[in-house]
Amino acid sequence: MVDVICDTSFLIHLATKRIKNLSQLDTEIGQIQFVVPTVVINELNKLLSNEAKKNNASITLQYIKKFKIIPLDGKFADKEMILYVKNNGGIIATMDKDLKNKIKENKGSVISFSNDRIVLEN
């Protein structure tokens, strides 16, 4: 099973939108498991105090309760994920264009959304 590290924006989208190919994802790219770094959980908890983002953050925190948590700490999730990929390789799930480019520059893979479908970018 391949761990896919999720960032905050990806998780919010995953938890709040209807994703069309979620059940077929395992067969398309092998068996995967979405994992959540502690730094992302911290970001979601901070969003609970933002009135405009509170509802989505709450839904997302509830949605990820059964996800595997990985000890990836720091102040900035993007920076920690780039360092992780640089040192270990791997797949990062994000919707952030800048983060996607930095992950690809460091030989990592990216999972994102396109038309409410999860896609693997190269």
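## A buried start: isoleucine 91

Let's begin with one residue: isoleucine 91 is buried, because its relative accessible area is 16% and buried means under 20%. Keep in mind that you are looking at a predicted model. Isoleucine 91 is found in strand β4.

What is isoleucine 91 in contact with, once its neighbours within four places in sequence are left aside? The list holds Val2, Asp3, Val4 and Ile5, together with Ser109, Val110 and Ile111. You can place some of these partners on the chain, since β1 covers residues 2–6 and β5 covers residues 109–114. Lysine 65 makes a useful landmark too: 26 residues along the chain separate it from isoleucine 91, and their C-alpha atoms are separated by 21 Å.

## Another residue of β4: alanine 93

Strand β4 also holds alanine 93. Is alanine 93 buried or exposed? With a relative accessible area of 0%, alanine 93 is buried.

Not counting residues up to four places away in sequence, alanine 93 touches Val4, Ile5, Cys6, Asp7, Phe10 and Ile111. Try finding valine 110 as well: alanine 93 and valine 110 are 17 residues apart in sequence, while their C-alpha atoms are 5.7 Å apart in space.

## The whole chain

Now let's step back. How many helices and strands are there in the protein chain? There are 6 helices and 6 strands. If you follow the chain from the N terminus, the elements run β-α-α-β-α-α-β-α-β-α-β-β.

The C-alpha trace spans about 35 × 30 × 25 Å along its principal axes. For a compact globule with 122 residues, the radius of gyration would be near 14 Å, and the protein chain agrees with this at 14 Å. Of the 122 residues, 42% are buried. Take the contacts between residues at least 6 apart in sequence: 62% of them join residues at least 24 apart.

The accessible surface of the protein chain comes to about 7200 Å², and carbon and sulfur atoms account for 47% of that surface. As for charge, the protein chain carries 18 positive and 14 negative side chains, with the centres of the two sets lying 2 Å apart.

## Helix α6 and its two sides

Helix α6 spans residues 97–105, and its buried residues are Leu99, Lys100 and Ile103. Why do these residues line one face of the helix? Seen down the axis of α6, the buried residues fall within an arc of 105 degrees, so they line one face.

The face turned away from that buried side carries the exposed residues Lys97, Asp98 and Glu105. Several elements help to cover the buried residues of α6, including α5 (77–88), β4 (91–93), β5 (109–114) and β6 (117–121). You have already met β4 as the strand where isoleucine 91 is found.

## Helices α3 and α4

Helix α3 takes in residues 38–47, and its buried residues are Val39, Val40, Ile41, Leu44 and Leu47. What covers these residues includes β1 (2–6), α1 (8–16), β2 (32–37), α4, β3 (68–70) and α5.

Helix α4 has Ala57, Thr60 and Leu61 as its buried residues. They fall within an arc of 100 degrees when seen down the axis of α4, so they line one face of the helix. Turned away from this buried side is a face with the exposed residues Asn55 and Gln62. The cover over the buried residues of α4 includes α1 and α3.

Threonine 60 lets you look at helix α4 (residues 54–63) up close. This threonine 60 counts as buried, at 0% relative accessibility. Which residues does threonine 60 touch, not counting those up to four places away in sequence? They are Leu11, Ile12, Ala15 and Leu44. Leu44 is one of the buried residues of α3.

## An exposed contrast: lysine 107

To finish, look at the loop between α6 and β5, where lysine 107 lies. Lysine 107 is exposed, because its relative accessible area is 73% and exposed means over 50%. The backbone is worth a glance here too: phi of lysine 107 is near 70 degrees, a positive value in a residue other than glycine.

Methods. Residues numbered from 1 in each chain as written. Predicted model: local features only at pLDDT ≥ 70, side-chain atom pairs only at ≥ 80, totals over all residues. Heavy atoms only, no water. Helix = DSSP H or I, 4+ residues; strand = E, 2+ residues; numbered from the N terminus. Rg over C-alpha atoms; globule rule 2.2 N^0.38 Å. Buried < 20%, exposed > 50% of the residue type's maximum accessible area, 1.4 Å probe, protein only. Contact = heavy atoms within 4.5 Å. Areas by Shrake-Rupley, 256 points an atom, 1.4 Å probe, with all protein chains shown as cover. Lys, Arg positive; Asp, Glu negative; His and termini not counted. Charge placed at Lys NZ, Arg CZ, Asp CG, Glu CD. Arc of directions from axis to C-beta.
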